[in-house]
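Open the model in a viewer with residue selection ready. The stops below say what to select and what is there.

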Amino acid sequence: MISVGIVGASGFTGEELVKLLLEHPDVSLDALTSRTHVGKKVSDCIKLEADLDKKFLEPSVDNLSHCDVVFFASPNGVAMDMARDLVKNDIRLIDISYPQSTTCLLYTSPSPRDRTRSRMPSSA
């Protein structure tokens, strides 16, 4: 089972992703985050076919650190605030945030052949 987190799960793209991944037999939605709905029951905010017994969490590295994969369906720039720490924990990141929604970015740990250059931006 793949443990998945979604940052921005209550937004339009996040809601659609929740609905899609709920149907996947090998996915467990373990961390659904929303800045505006923290503490609210997910199924009270998203219209789902079945009740989902989960509450929205604050988007933070701590709340996502147990996931295998984290999707970012969040406002522009949010992914970069957490990406470095999540990747350091070997968590795969998929950024479907605007404006990346047309390209879908995947952040992973650098492979051995990439040791001379980092694919992650340096901290400012």
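**Start in a loop**

At 27% relative accessibility, Lys54 counts as partly exposed, where buried means under 20% relative accessible area, exposed over 50% and partly exposed in between, with a 1.4 Å probe and protein chains only. The model is a predicted one: local features need pLDDT of at least 70 and side-chain atom pairs count only at pLDDT 80 or more, while totals for chains, interfaces and linings use all residues. Residues are numbered from 1 along each chain as its sequence is written, and side-chain values use heavy atoms, with hydrogens and water left out.

Lys54 sits in the loop between helix 2 (42–45) and helix 3 (61–64); helices (H or I, at least four residues) and strands (E, at least two) are DSSP runs, numbered from the N terminus. Now add Ala31 to the selection: its C-alpha is 8.5 Å from that of Lys54, with the two positions 23 residues apart in sequence numbering.

**The whole chain**

Zoom out and colour by secondary structure. Four helices and five strands appear, and along the sequence their pattern is β-α-β-α-α-β-α-β-β. Of the 124 residues in the chain, 40% are buried.

**Helix 1**

Select residues 12–22, which form helix 1. Which residues of helix 1 are buried? They are Gly14, Leu17, Val18 and Leu21. Seen down the axis, these buried residues fall within an arc of 105°, so they line one face of helix 1; the arc is that of the directions from the helix axis to the C-beta atoms. Turn to the other side of helix 1 to find Phe12 and Leu20, both exposed.

Keep Leu17, which belongs to helix 1 and counts as buried at 10% relative accessibility. Add Ala73: the two residues are 56 apart in sequence, and their C-alpha atoms are 8.5 Å apart in space.

Next show the side chains of Lys19 and Glu16. They form a salt bridge, with the closest N and O atoms 3.7 Å apart; the criterion is a side-chain nitrogen of Lys or Arg within 4 Å of a carboxyl oxygen of Asp or Glu. A search of the whole structure finds one salt bridge. Both residues lie in helix 1, three residues apart, or about one turn of the helix. An α-helix has 3.6 residues a turn, so residues three or four places apart point the same way. Lys19 counts as partly exposed at 29% relative accessibility, and Glu16 is also partly exposed, at 34%.

**Strand 3**

Move to Phe72 in strand 3 (residues 69–72). Phe72 is buried, with a relative accessible area of 0%. Select Asp95 with it: 23 residues separate the pair along the chain, and 4.6 Å separates their C-alpha atoms.

**Helix 4 and the loop after it**

Select 78–88, which is helix 4. Its buried residues are Val78, Ala79, Met82, Ala83, Leu86 and Val87. They cover an arc of only 135° around the axis, which puts them on the same side of helix 4. Rotate to the face turned away from that buried side, where Asp81 and Lys88 are exposed.

Continue to Asp90, in the loop between helix 4 and strand 4 (92–95). What is the sign of phi at Asp90? It is positive, about 60°, although Asp90 is not a glycine. Most residues other than glycine have a negative phi. Asp90 is exposed, with a relative accessible area of 57%.

**Cysteines**

Select Cys45 and Cys67. Cys45 is partly exposed at 27% relative accessibility, whereas Cys67 is buried at 4%. The structure holds zero disulfides, a disulfide being a pair of cysteine sulfur atoms within 2.5 Å.

**The largest pocket**

For the last stop, what is the volume of the largest pocket? It is about 190 Å³. On a 1 Å grid over the protein atoms alone, a pocket is an open set of points with protein on both sides within 12 Å along at least five of seven lines, and lining residues have an atom within 4 Å of a point. Grid points are joined across faces, edges and corners, and the volume is the space filled by probe spheres set on the points.

Select Gly8, Ser34, Arg35, Ser74 and Pro75, the closest to the pocket centre of its 14 lining residues. By class, the lining has six nonpolar, seven polar and one charged residues. Ala, Val, Leu, Ile, Met, Phe, Trp, Tyr, Cys and Pro count as nonpolar, Asp, Glu, Lys and Arg as charged, and the others, Gly among them, as polar.

Technical notes
On a 1 Å grid over the protein atoms alone, a cavity is a set of points where a 1.4 Å probe fits but cannot get out, and a pocket is an open set with protein on both sides within 12 Å along at least five of seven lines; lining residues have an atom within 4 Å of a point.
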